[in-house]
Structure formats: structure tokens, C-alpha cells
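Okay, thanks for squeezing me in. Let me put the sequence and the model up on the screen, and then I'll walk you through it.

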Amino acid sequence: MTVSDDAATPDSPHPLERVLSSLDDRLAALDERARHREAVIDRLHSENRELRAAQDRTLFDPVVADLIRMHDQLAREAGGLRGRGEERLAELMAGFADDALLALERLGVEPVGAGVGDPFRADLHLPLSTVDDPDPARDGTVAEVAAPGFRDTVTGRVRRRVHARFFRHVGPADPAGSAPPGKGT
């Protein structure tokens, strides 16, 4: 009896087993490629959603700018009416200003404030003027907020900086006619 090349020996696998093993390897490679493709598709889908959201936010930039201006004008008018004692109209204008804030929030823009004494931050504050103050500890801090800032809630980007006046340290005034030490003698 002769042993053919196709016959299985105890040391070598049967030809059918070799074919099945090869198919298993191929299926595993195809499965890995399919998982990779799915991951790429998911990533591209996510990036596409982010791009569309950014495009939508950009589309509303003019509306956001107009709503910010409208809020400022309404809030300013409400303050002027309160100053003249027209409380009922002031409340109406303040309500319209609040409505503008709500519309901004629906567009993904939130107001940003500052408190008296907050240190100056170039990325957040827009200085309008300075207020002289003898206290050196308050130098460069917020004295008064004139208008709130606004920030994009999705990106965190400041859309408009807080408009504020800042304290500036001034020392005691020199007596009239005195020269600084070491000068004029």
C-alpha cells in the first residue's frame, strides 16, 4: 500500500482541515477590515455632524450680532427710563432685553459677566475707561460693568468681551510747587 501525498499522517493535518483553517483566517481578516470600516464611517459621521453644527452657528452669526445689539439698546433704554422715574416702561424694556437673552441662549450664546474687583483679563474684558483709585490693591480690577460679554456655549469662544471700566491706582497728589527728590536743586 502506498501513501499518497493527500493522505493524512499523524503529524500533518488533513487537507480539509487546512482549507477550513485557511477560511477561518480569511474570515477573521475580513471581520477585522469590516470593524475598521465601521469605525471610519462612525468617525466621518461624527465629523460631518460637527461641521454641519458649525455651519449652522456661522449661518446665524448676523442674527446673534443683531440680538446682542438689541439687548444692549433695550437694557440701556430701561436704565434711562428708571433714571427718569418711568418704572413701568423700564420694566417693559427690561423684559424685552431678557427676551433677547433667551433668544441668544436658544442660538447657543450665553451672557458672561464680571464682578467689581475681578482682575483684568484681555481675553474676556474690553476696557472702556479707567476710574482713579488710591487703593493699590484695586489697580487693574473691574470698577463697573457697562455691558455683558457673550460666549458660544459649544465652542467656548468669546463672541463679545465684557465692556467695563477699570480701577487705576493713583498716588497722593504732590504738594504744589514741590519737586521730586533729587531734581531741581
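Let me start with a small one: which residue stands opposite F166 in β6? The residue is V142. Hold on to F166, as we'll get back to that residue later on.

Before we go further, a word on what you're looking at. This is a predicted model, so let's talk confidence. The mean pLDDT of the protein chain is 86, and 86% of the residues reach 70 or more. The part I'd ask you to ignore is residues 177-185, where pLDDT stays under 50. For that stretch the model has 0 contacts beyond four places in sequence.

Right, the overall layout. We have 3 helices and 6 strands in the protein chain, and if you read along the sequence you get α-α-α-β-β-β-β-β-β. Of the 185 residues, 18% are buried. The chain exposes about 13500 Å², with carbon and sulfur atoms supplying 56% of that area. And for the contact-map people: take the contacts with a separation of 6 or more, and 64% of them come from residues 24 or more positions apart.

Now the strands, one sheet at a time. One open sheet has 3 strands in the order β1-β4-β5, with antiparallel pairing. Its edge strands are β1, residues 109-112, and β5, residues 158-160, each pairing on one side only. From one strand to the next, the twist averages 35°.

What packs on this sheet? Helix α2, residues 61-83, does, and it touches β1, β4 and β5. The direction of α2 makes about 55° with that of β5. Then there's helix α3, residues 87-106, which lies across β1 and β4 and runs at about 125° to β1.

If you zoom in on the pairing, β1 and β4 run antiparallel and are joined by 4 bridges, with β4 covering residues 149-152. Here P111 stands opposite F150, and V112 stands opposite G149. On to β4 and β5, which pair in the antiparallel sense over 2 bridges; R151 has V158 in β5 as its bridge partner. These two strands make a hairpin with 5 residues between them, and in that hairpin G156 takes a positive phi near 80°. That's one to look at if you like your Ramachandran plots.

Okay, next sheet. This open sheet also has 3 strands, in the order β2-β6-β3, and here the pairing is mixed. Why do β2 and β3 count as edges? Each of them has a single partner strand, so one side of each is left without a neighbour in the sheet. The twist in this sheet averages 25° from one strand to the next.

So where does the mix come from? β2 and β6 pair in the parallel sense over 8 bridges, with S129 opposite R165. Strand β3, residues 142-147, pairs with β6 in the antiparallel sense over 4 bridges, and that's where our opening pair V142 and F166 belongs.

Which brings me back to F166, as promised. If you search the whole structure for aromatic pairs, you find 1. The partners are F120 and F166, and the geometry is edge-to-face: 5.3 Å centre to centre, with 85° between the planes. F120 lies in the loop between β1 and β2, while F166 is in strand β6, so the pair ties together parts that are 46 residues apart in sequence.

And are those two rings' residues buried or exposed? F166 has 5% relative accessibility, so F166 counts as buried. F120 comes in at 38% and counts as partly exposed.

To wrap up, let me go over the two sheets again. One is antiparallel, in the order β1-β4-β5, with α2 packing on it. The other is mixed, in the order β2-β6-β3, and F166 in β6 forms the aromatic pair with F120. Okay, that's me done, so over to you.

Notes: Residues are numbered from 1 along each chain as its sequence is written. This is a predicted model: local features need pLDDT of at least 70, side-chain atom pairs count only at pLDDT 80 or more; totals for chains, interfaces and linings use all residues. Side-chain values use heavy atoms; hydrogens and water are left out. Buried means under 20% relative accessible area, exposed over 50%, partly exposed in between (1.4 Å probe, protein chains only). Contact means heavy atoms within 4.5 Å. Accessible areas come from the Shrake-Rupley method with a 1.4 Å probe; for residues, only the protein chains shown count as cover. Two strands pair if DSSP finds at least two bridges between them. Axes are lines fitted to C-alpha atoms, for helices over the stretch in contact, and angles run from 0 to 180 degrees between N-to-C directions. pLDDT is the predictor's confidence in each residue, from 0 to 100. Rings of Phe, Tyr and Trp (its six-membered ring) pair if their centres lie within 6.5 Å; planes under 30 degrees apart count as stacked, over 60 as edge-to-face and the rest as tilted.
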